[in-house]
Amino acid sequence: MALRDFSFRAPKTRDLTMKEAARVDSGARVDLVTIAEMVQPGSRVLDVGCGDGELMELLATSRKCDARGIELSREGVNASVSRGLAVIQGDADIDLADYPDNAFDYVILSQTIQATRRPRWVLEQMLRVGSHAVVSFPNFGFWRMRLDLLLNGRMPATENLPYSWYDTPNIHFCTIRDFVGLVEAVGARIDHAVALNGYGQKVRFNWPWSVWNLVGEQAVFLLSRKD
């Protein structure tokens with residue numbers, strides 16, 4: 001596989017779904033498959049910022065989950081509904097407060113936490129609404145981003161995050177170590193975590209956070225409330 005071109009470029013679309021991300025043979029995104037593997041079959045799931053519903057559809061077909069979703073964009077809601085999914089339009093930064101405690105087994109936030117206005121509040125609400133929270137996000141501490149910033153002196157862009165600094169929906173840049181700090185701040189427990197490199201391969205699980213922070217292009221965390 002040829003190395004990707006990580007030079008600075010103008011944004012293609014305002015899209016958080018990582019269309020250029022690595023995929024398995026079935027066509028599903030590796031990060032979404034990783035999330036699905038963390039969810040117990042038959043669970044009640046709320047997908048926050050569900051986009052076009054690709055993850056919800058995967059959970060319904062491969063894990064037999066009762067999946068519901070909320071999505072900010074009308075385009076995403078329409079795309080999800082066209083798949084036959086139960087999705088409503090809503091804002092994670094506001095509407096999670098309307099859900100009762102323990103309404104779901106899992107609340108998922110996929111590739112979206114960096115675009116929320118109140119990441120800590122959103123994570124706290126996820127852990128209130130669900131017994132478990134699953135969060136995936138691009139790692140802005142990835143070595144290629146560091147190198148691009150060092151050599152070019154400009155905010156880096158990748159194929160999966162192609163935005164210019166003035167036009168990006170990502171308003172809270174987050175590294176793996178940053179997220180671990182947030183988990184500690186809200187008093188949650190990390191039940192499982194996976195880091196994926198630039199080719200969608202899992203980073204060795206026994207490496208320290210500092211190494212994951214350097215070589216992981218994205219990460220997926222399974223969290224729960226501490227007793």
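**Note on the predicted model: sheet, helices and a buried phenylalanine**

1. Phenylalanine 221 lies in strand E7. The structure is a predicted model, and this residue is a convenient place to enter it. With a relative accessibility of 0%, phenylalanine 221 falls below the 20% limit and therefore counts as buried.

2. Which residues surround phenylalanine 221, once neighbours within four places in sequence are left aside? The contacts are Met38, Ala133, Val134, Val135, Phe137, Ile176, Phe179, Val180, Ile190, His192, Ala193 and Trp209. For isoleucine 176, 45 residues away along the chain, the C-alpha to C-alpha separation from phenylalanine 221 is 9.8 Å.

3. Overall content. The protein has eight helices and seven strands. Of its 227 residues, 52% are buried. Taking contacts between residues at least 6 apart in sequence, 70% connect residues at least 24 apart.

4. The sheet. Seven strands form an open sheet in the order E3-E2-E1-E4-E5-E7-E6, and the pairing is mixed. Strand E3 (86-89) and strand E6 (188-196) are the edges, each paired on one side only. From one strand to the next the twist averages 20°. Helix H3 (residues 74-82) packs on this sheet and touches E2 and E3, its direction making about 165° with that of E3.

5. Pairing around E1. Strand E1 (residues 44-48) runs parallel to strand E2 (residues 66-71), and five bridges join the two. Within E2, glycine 69 stands opposite aspartate 47. E1 is also parallel to E4, through four bridges. Here valine 45 has tyrosine 106 of E4 as its bridge partner.

6. Pairing of E4 with E5. These two strands are parallel and share six bridges. Phenylalanine 104 has glycine 130, in E5, as its bridge partner. As to exposure, E4 is mostly covered, with six of its seven residues buried.

7. Helix H1. How many of the eight residues of helix H1 (residues 30-37) are buried? Six are, and the helix is mostly covered. The buried residues of H1 are Val30, Asp31, Leu32, Thr34, Ile35 and Ala36. Their cover includes helix H2 (54-62) together with strand E4 (104-110), strand E5 (130-138), E6 and strand E7 (218-225). H1 thus has both a helix and several strands of the sheet among its covering elements.

8. H1 against H2. The two axes come within 10 Å and cross at roughly 45°. That angle is neither under 35 degrees nor within 65 to 115 nor over 145, so H1 and H2 are oblique to each other. Their crossing is right-handed. On the H1 side the contact is made by Leu32, Val33, Ile35 and Ala36, and on the H2 side by Glu54, Leu55, Leu58, Leu59 and Ser62. By class, the residues of this contact are seven nonpolar, one polar and one charged.

9. Helix H2 beyond that contact. Glu54, Leu55, Met56, Leu58 and Leu59 are buried in H2. The buried residues of H2 pack against H1 and against strands E1, E2, E3 and E4. After H2 comes lysine 64, with a positive phi near 55°.

10. H5 against H7. Helix H5 (residues 119-129) packs with helix H7 (residues 176-186) at an angle of about 60°, the axes being 10 Å apart. H5 and H7 are therefore oblique to each other. H5 passes H7 in a right-handed crossing. Pro119, Arg120, Leu123, Glu124 and Leu127 of H5 meet Phe179, Leu182, Ala185 and Val186 of H7. Seven of the residues in the contact of H5 with H7 are nonpolar, two are charged and none is polar.

11. Link back to the starting residue. Phe179, one of the H7 residues that meet H5, is also among the contacts of phenylalanine 221. Phenylalanine 221 itself is in strand E7, which stands between E5 and E6 in the sheet order.

Definitions and conventions:
Residues numbered from 1 in each chain as written. Predicted model: local features only at pLDDT ≥ 70, side-chain atom pairs only at ≥ 80, totals over all residues. Heavy atoms only, no water. Pairing = 2+ DSSP bridges. Axes fitted to C-alpha atoms, helices over the stretch in contact; angles between N-to-C directions. Contact = heavy atoms within 4.5 Å. Buried < 20%, exposed > 50% of the residue type's maximum accessible area, 1.4 Å probe, protein only. Left-handed = near helix turned anticlockwise from the far one by under 90°. Nonpolar A, V, L, I, M, F, W, Y, C, P; charged D, E, K, R; others polar.
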